[in-house]
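Subject: Handover of a structure, with findings

Dear colleague,

Please find below the structure that I am passing on to you. I would be grateful if you would keep it open while reading the remarks that come after it.

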Amino acid sequence: MLCVILAIAAFTDLKYRKIPNWIDVLLGIYAVFFSTAKASERMAGFVLTAGIMYFLLIATGKIKGGDVKYLSLCAAAIGLKAFVQVLALACLFAVFWCVIRREKSVPLAFVMMLGYVLERIWKL
């Protein structure tokens, strides 16, 4: 179910460079009712990610509020430990994206989905 939500987010982010609020709502519902991560992992993921991303938003102005919501809810959905791994893989995909496409901005939901899929495959 999470893969479907992330795939829809990736598609809309690639096409429109925007993640609709209803996707964030679905991520929140998944995080609260369907996630298999421990509650403490989900809460830590949400709080730490939201705090760090909000600080970066204020400090740099490079991250938008929608990115903060999306990343925080992704962290809540999969838990802090898995989120750190997914984010590291997503950063690698983002670097490849920038080099290959010669762009400075990256569709966040797309690289996060790639990171999540690779992290899940890696765990098998």
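The following paragraphs describe one pair of helices and then the empty spaces.

Please note first that this is a predicted model.

Helix packing

Two packed helices are described by the angle between their axes and the distance between the axes. Here, helix 3 (residues 39-60) and helix 4 (residues 65-78) have axes that come within 7 Å and cross at roughly 160°. Angles over 145 degrees count as roughly antiparallel, and helix 3 and helix 4 are therefore roughly antiparallel to each other. The crossing of helix 3 past helix 4 is right-handed. On the side of helix 3, the contact is made by Arg42, Gly45, Phe46, Thr49, Ala50, Met53, Tyr54 and Leu57. Helix 4 contributes Gly65, Val68, Leu71, Ser72, Leu73, Ala75 and Ala76. Sorted by class, this contact has ten nonpolar, four polar and one charged residues.

Pockets

The largest pocket has a volume of about 820 Å³. It is lined by 25 residues, and the closest to its centre are Lys62, Lys64, Asp67, Val106 and Leu108. Helix 2 (21-33), helix 4, helix 5 (80-101) and helix 6 (108-123) each give two or more residues to this lining. The lining of the largest pocket comprises 13 nonpolar, three polar and nine charged residues.

For the second largest pocket, the volume is about 240 Å³. Of its 15 lining residues, Thr36, Ala37, Ile78, Ala82 and Arg120 lie nearest its centre. Two or more residues of the lining come from each of helix 4, helix 5 and helix 6, and the largest share, three residues, is from helix 6. By class, the lining of the second largest pocket divides into seven nonpolar, three polar and five charged residues.

An enclosed cavity

How many cavities of 30 Å³ or more are there? The count comes to one. About 50 Å³ of space lies in this largest cavity. Its lining consists of Leu2, Leu6, Cys74, Ala77, Ile78, Val86, Met112 and Tyr116. Helix 1 (2-16), helix 4 and helix 6 each supply two or more of these residues, with helix 4 giving the most, three residues. Which classes of residue line the largest cavity? The lining has eight nonpolar residues, no polar and no charged ones.

Ile78 thus appears twice in this account: it lies among the residues nearest the centre of the second largest pocket, and it also lines the largest cavity.

Yours sincerely,
A colleague

Conventions. Residues are numbered from 1 along each chain as its sequence is written. This is a predicted model: local features need pLDDT of at least 70, side-chain atom pairs count only at pLDDT 80 or more; totals for chains, interfaces and linings use all residues. Side-chain values use heavy atoms; hydrogens and water are left out. Axes are lines fitted to C-alpha atoms, for helices over the stretch in contact, and angles run from 0 to 180 degrees between N-to-C directions. Helices (H or I, at least four residues) and strands (E, at least two) are DSSP runs, numbered from the N terminus. Angles under 35 degrees count as roughly parallel, over 145 as roughly antiparallel, 65 to 115 as roughly perpendicular and the rest as oblique. A crossing is left-handed if the near helix is turned anticlockwise from the far one by less than a right angle, and right-handed if clockwise. Contact means heavy atoms within 4.5 Å. Ala, Val, Leu, Ile, Met, Phe, Trp, Tyr, Cys and Pro count as nonpolar, Asp, Glu, Lys and Arg as charged, and the others, Gly among them, as polar. On a 1 Å grid over the protein atoms alone, a cavity is a set of points where a 1.4 Å probe fits but cannot get out, and a pocket is an open set with protein on both sides within 12 Å along at least five of seven lines; lining residues have an atom within 4 Å of a point. Grid points are joined across faces, edges and corners, and a volume is the space filled by probe spheres set on the points.
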